[in-house]
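Me: Got a minute to go through this one with me? I'd like to start with the interface and then look at a sheet.

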Amino acid sequence: MTTSLINISDLKFRYDRSDNWLLSIDNWSLLSNEHVFIEGCSGSGKSSFLNIITGLIPIKDGHISILNEEINKQSKIQSDRFRANHFGIIFQMFNLIPYLNVIENIVLACSFSKRKKERVLKKGISLNDEAQRLCRELDIDHSLFSKSINELSIGQQQRVAVARALIGEPEIIIADEPTSALDERRKNQFLELLFTECEKVNSTLVFVSHDQTLKSQFKKVYSLSDSTLKLQSKSNQETEISPCP
Amino acid sequence: MSLIQLAIKSLLSRRLVSILLILSIGLSTLLLIGIDKIKQSTRQSFTHSVSGTDLVVGPRMGDIQLLLYSVFRIGNPIANMSWESVEKIKNHSAVSWVIPISLGDSHRGYPVLGTTKDYFKYFQYGKQRPLELKTGTFFSEPFDAVIGSVVATEKQYQIGDEIHLSHGTSSTKHAVHEHKHFKIVGILNKTRTPVDNTVHISLEGMEALHIDWKNGRPPKKHEVMHNHDVLEHDLHSDEVTACFVGLKTKMAIFSFQRELTTWSEDPIFGIIPGITLLKIWKMVGMVDQVLKIITILVLVVALIGLLLSLFISLNHRKRELIIIRVLGGHPIHLWLLMILEGFILSILGVLVGSASLAIIQTWFVPFIENKLGLVLTVNSLAISDFRVMGLIIIASVFISSIPAGIAYKKTLSQGLGATT
């Protein structure tokens, strides 16, 4: 049974120095275990949208409910804790900490989340064991576990970033332009891997990209334009390609 | 992974800068604590060196100079006082005892002090403690020597050993009184005063050393006298370098001191050790202040280095801090992370400083003691030292809080887009 995971209503957002609304979303919801693609040109507000739903940017107008929690009513500490507990985030540049090794980078996601830590420990294994298990699943060779991030290839770094997002089985995986540094073949491999892993842990995937070639692999595609999120029909997805300026 | 682990790993990734910062904080700690310790120790050593002596009487010159060479064996005497004056002082109704001393010679770098048996009877140090023998006896013959504990330990001398003394402070071969052998008859207990570094002989022994010298020159080969030749001669001294005087009553100190300056036959004067010491402290007080200011400046430079390093790293670590933030770290975590880095660096710096101080205590203080003739008691760390260390750590943490605050503010509103 699928339940509503994220509900947004009457959201209006603009930066202090701007006169125009960057985001104006009347109603938008996301069901659990869904994999959605959000496309939009640069400057359309994709990153701002992600920052808002992850609680990094507070909003003044509107309501956002995630896992039945009104995150716009949370204090800064509460929203940081909520993000740590319920989100797994994959960045555009994978963004791993260079002075930590592979396992340490993965385990770092549990450092700020008691919930993720408890979920791992409930399995009867340590955080390191879980990180190693994820690495094996993601085809990261054990000889790389203690290697510095700088010694890894782009593809390996990307898989470490996925493992970090997956550890502790968060309900929502946010992937912010994760394929922008990859060639076509690797993009598809990566997407396949991400789908498989999200399904394994029953995570909802919010995949944000301006790369329209990927959207055909998602059941639901939203386009962020004119400050709002619009659902594209399956037929539109294949035909309508609005070029970014 | 805890914030401390993260801070340690972050510092390790900037190993060179971290080591340099630790060294600079360590140096500041060493200077702040070390200089203060050496100052206290020097004062203690000076104050501890003589007690119960009401006046030090010597030829008229600078009072500080007289005190420095008579008590601390620092510098060289440039004039002597006559034996008649010593006798006159001894016979004065206000005087209880007199210890004449004769300086100017040395043994392998240690000063030689010619004196009478009264030295062992009346001379006191610390809290009016008399000199005591560790082993052997006090001298009774002209060629007997009683050595201080440091001389005995460092040169591994024992009772019965023969030694040769040198003319002046030089230890070159031609300056050694090689035809006069002195026998060690006694070793004094440790006093932690210049007495420990001194070879004591009788005034007759001192006279015997120079009996064949003419006009300050060593004897020619055929004029050389040996121990047995010397003993046939009158070994009475006509002059001594100075004398320590004990009065029957303290009330007489100033009047007797005044009276000494009126003696016209021999230009001598008397100094009160405590007052002259105060004069020395007043003189070195300025140097003290300058040293303190320099030390504080060194600390300020070290702290600015810490601040700069954190500021520079802040720019390099912008992405790292945002990753932590996006992973759920609150800006307070980032603030704490940077504060922790400053804290760890300062703790390690303070430890390096303390360890260096211990090394200096072990290796360097004996060297200073030998070179300057000072006996330094550089005590182990005291509460005041821990206070200084605490202040250094607090200052470092405070300095770290500036870039930490900036990191807090900057990352408060930054999110995913800022990581690219």
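**Interface and sheet**

Reply: Sure. This is a predicted model, and in it chain A and chain B bury about 2,500 Å² between them, with 67% of that on carbon and sulfur atoms.

Me: Which residues in chain A lose the most area to chain B?

Reply: Those are A:L56, A:Y99 and A:F112, which together make up 28% of what that side buries.

Me: And how many residues does the contact take from each chain?

Reply: Chain A gives 27 residues and chain B gives 25 residues.

Me: OK, charges now. What's the count of salt bridges between chain A and chain B?

Reply: Two salt bridges. In one salt bridge, the side chains of A:D80 and B:R325 meet at 2.7 Å, N to O. Polar contacts across the interface come to five residue pairs, both residues being at pLDDT 80 or more.

Me: Which elements of chain A give two or more residues to that side?

Reply: α1 (46–53), α2 (76–86), α3 (102–111) and β7 (172–176) of chain A. By class, the side touching chain B has 16 nonpolar, five polar and six charged residues.

Me: Switching to the sheet: what's the strand order in chain A?

Reply: The open sheet has six strands, ordered β6-β7-β8-β3-β9-β10, with mixed pairing.

Me: Why do β6 and β10 of chain A each have one side without a neighbour in the sheet?

Reply: Because β6 (87–90) and β10 (228–232) stand at the edges, each with a single partner strand. The twist averages 20 degrees from one strand to the next.

Me: Parallel or antiparallel for β6(A) and β7(A)?

Reply: Parallel, over four bridges. A:I90 has A:A175 in β7(A) as its bridge partner.

Terms used:
Residues numbered from 1 in each chain as written. Chains lettered and ligands numbered in written order. Predicted model: local features only at pLDDT ≥ 70, side-chain atom pairs only at ≥ 80, totals over all residues. Heavy atoms only, no water. Contact = heavy atoms within 4.5 Å. Buried area = accessible area lost by both parts, 1.4 Å probe. Salt bridge = Lys/Arg side-chain N within 4 Å of Asp/Glu carboxyl O. Polar contact = N/O pair within 3.5 Å; in protein donor to acceptor, adjacent residues only side chain to side chain. Nonpolar A, V, L, I, M, F, W, Y, C, P; charged D, E, K, R; others polar. Pairing = 2+ DSSP bridges. Axes fitted to C-alpha atoms, helices over the stretch in contact; angles between N-to-C directions.
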